[in-house]
Amino acid sequence: AKREGPGSFTWYSPAMSLASRQRLDLLHDLEAAIRQQQLLVYYQPQISLTDGAVIGMEALLRWPTANGQFIGPDRFIPLAEQSGLIIELGDWLLGKVCEQIVSWRNEGLGDLKVAINVSMVQFNHDTLVDQLALRLRQYGVKPSQIEIEITESVAMQTLEDVIDTIRRLKQLGVTVSIDDFGTGFSSLAYLQKLNADRLKIDRSFIREIGVNEGSLSIAEMVINLGHKLGIAVLAEGVETAEQAALLRASGCDEAQGYLFAKPAPARMLGQWLRETQG
Ligand code: C2E
Ligand code: CA
Ligand code: CA
Ligand code: CA
């Protein structure tokens with residue numbers, strides 16, 4: 001029985017068991033898709049607002065279905081997290097990303113940097129740093145070519161553990177960014193202890209810039225906060241030239257969003273790089 005409101009109990013409805021059955025089906029499909037190498041990695045460039053140079057790429061997972069559409073990561077990542085499948089998926093992604101970095105290098109595009117999203121379960125798993133070190137060595141990728149993105153909510157876990165994992169990541173030579181920043185409640189002191197390399201201002205604030213005055217103020221606060229602590233600040237979800245201009249004028253270091261490029265397969269990114277950076 002599931003507790004609904006104060007004092008009232010209801011039995012699981014047929015609709016609910018259908019929903020959990022569907023989730024289980026989806027999980028099995030996801031497992032099969034991973035084993036059969038059906039997941040794709042898309043990349044979205046991150047741009048310096050100072051000179052327009054590409055500072056890196058964010059890797060974003062895509063799950064194509066038979067009818068030519070995608071199941072979004074917002075749907076399958078939580079599922080993979082709950083089931084523990086995320087550990088296997090994360091290691092697979094890491095291998096794919098390293099492979100891509102090497103292939104971009106061989107195409108003459110230089111040593112590009114890729115940011116990888118790491119969820120709470122992965123971040124708290126004790127093999128993360130070792131797995132990373134192993135893959136880097138295996139593919140001959142420099143640690144400085146990988147950035148680990150953790151969300152502010154991950155960073156709000158047990159302070160000592162988070163600080164320790166970040167310390168070990170940075171000791172390895174990878175950089176760390178705090179994703180979706182502004183949606184959690186980290187304090188100035190806390191942020192300083194984390195010792196991250198980059199803050200990513202959450203898209204919800206960027207979206208409202210030019211529409212709602214408070215949003216630019218919030219972005220400016222994050223930019224100032226980052227700079228006081230010596231941390232670079234990136235705005236995510238930048239869609240208009242006006243947003244980019246206002247952010248640049250406010251001292252924001254970097255940006256990412258549809259204005260510059262949508263997430264795309266590596267092959268298209270290579271082409272885009274040759275066209276815009278050459
Ligand atoms: P995120 O890390 O905050 O990624 C940014 C999301 O914003 C991506 O959605 C990206 O496609 C989208 N985006 C980028 N620029 C714009 C823009 O200008 N406008 C709009 N409207 N959207 C933009 P996506 O690819 O659907 O990913 C959703 C979330 O799924 C990610 O949010 C991340 O939390 C998670 N995710 C994706 N790939 C992975 C992964 O490999 N591992 C883990 N743990 N999580 C992942
Ligand atoms: Ca991210
Ligand atoms: Ca984000
Ligand atoms: Ca997000």
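1. Asp179 bridges two calcium ions, ligand 3 and ligand 2, which lie 4.1 Å apart. This is a predicted model, and the points below should be read as a description of that model. Asp180 lies in strand 8 and Glu236 in strand 10 (residues 232-236), so this pair ties together parts that are 56 residues apart in sequence.

2. What are the protein donors of the calcium ion (ligand 3)? They are Asp179 (OD), Asp180 (OD) and Glu236 (OE), with Glu236 (OE) listed twice. They lie 2.2 to 2.4 Å from the ion. Along the chain, the donors of ligand 3 follow the spacing D-D-x55-E.

3. Burial at the ligand 3 site can be given for two of its donors. Glu236 is buried, with a relative accessible area of 12%. Asp180 is partly exposed, at 25%. The cut-off for buried is under 20% relative accessible area.

4. Next, the other calcium ion. Ligand 2 is coordinated by Glu58 (OE), Asn117 (OD1), Glu149 (OE) and Asp179 (OD). The distances run from 2.2 to 2.3 Å. The spacing of these donors along the chain is E-x58-N-x31-E-x29-D. Glu58 sits in strand 4 (residues 54-64) and Asp179 in strand 8 (residues 175-181), so the pair ties together parts that are 121 residues apart in sequence.

5. Are Glu58 and Asp179 buried or exposed? Glu58 is buried, and Asp179 is buried as well. Asp179 is thus a residue to inspect with care: it coordinates both ligand 2 and ligand 3.

6. Backbone geometry deserves a look at Asp180. This residue has a positive phi of about 50° although it is not a glycine. Asp180 is found in strand 8. Asp180 (OD) is also one of the donors to ligand 3.

7. A second non-glycine residue with positive phi is Gln37, at about 60°. Where is Gln37 placed? Gln37 is in the loop between helix 1 (14-35) and strand 3 (40-48). Gln37 is partly exposed, with a relative accessible area of 47%.

8. Now ligand 1. There are 22 residues around ligand 1. Those that come nearest are Arg62, Asp179, Arg203, Glu239 and Tyr258. Asp179 therefore appears again, here beside ligand 1, after its role as a donor to both calcium ions.

9. Polar pairs with ligand 1 include three side chains. A nitrogen atom of ligand 1 is 3.0 Å from an N or O atom in the side chain of Gln44. An oxygen atom of ligand 1 is 3.0 Å from an N or O atom of the Asp179 side chain. For the side chain of Asp180, an oxygen atom of ligand 1 is 3.3 Å from an N or O atom. Taken alone, ligand 1 exposes 810 Å², and the protein buries 84% of that.

10. Which pocket does ligand 1 take up? The space taken by ligand 1 is the largest pocket. Strand 4, helix 2 (73-83) and strand 8 are the elements that give two or more residues to the shell around ligand 1. The largest share, four residues, comes from strand 4.

11. One link across the sites is worth recording. Strand 4 holds Glu58, and strand 8 holds Asp179. Glu58 and Asp179 are both donors to ligand 2. Strand 4 and strand 8 are also among the elements giving two or more residues to the shell of ligand 1.

Note on methods: Residues are numbered from 1 along each chain as its sequence is written. Chains are lettered from A and ligands numbered from 1 in the order in which they are written. This is a predicted model: local features need pLDDT of at least 70, side-chain atom pairs count only at pLDDT 80 or more; totals for chains, interfaces and linings use all residues. Side-chain values use heavy atoms; hydrogens and water are left out. Donors are N, O and S atoms within 2.8 Å of the metal (3.2 Å for Na, K and Ca); water is not among the atoms, so sites may look incomplete. Buried means under 20% relative accessible area, exposed over 50%, partly exposed in between (1.4 Å probe, protein chains only). A residue is near a molecule or strand if one of its heavy atoms lies within 4 Å of it. A polar contact is a pair of N or O atoms within 3.5 Å; within protein, one must be able to donate a hydrogen and the other to accept it, and residues adjacent in sequence count only if both atoms are side-chain atoms. Accessible areas come from the Shrake-Rupley method with a 1.4 Å probe; for residues, only the protein chains shown count as cover. On a 1 Å grid over the protein atoms alone, a cavity is a set of points where a 1.4 Å probe fits but cannot get out, and a pocket is an open set with protein on both sides within 12 Å along at least five of seven lines; lining residues have an atom within 4 Å of a point. A molecule sits in a cavity or pocket if more than half of its atoms lie within 2 Å of its grid points.
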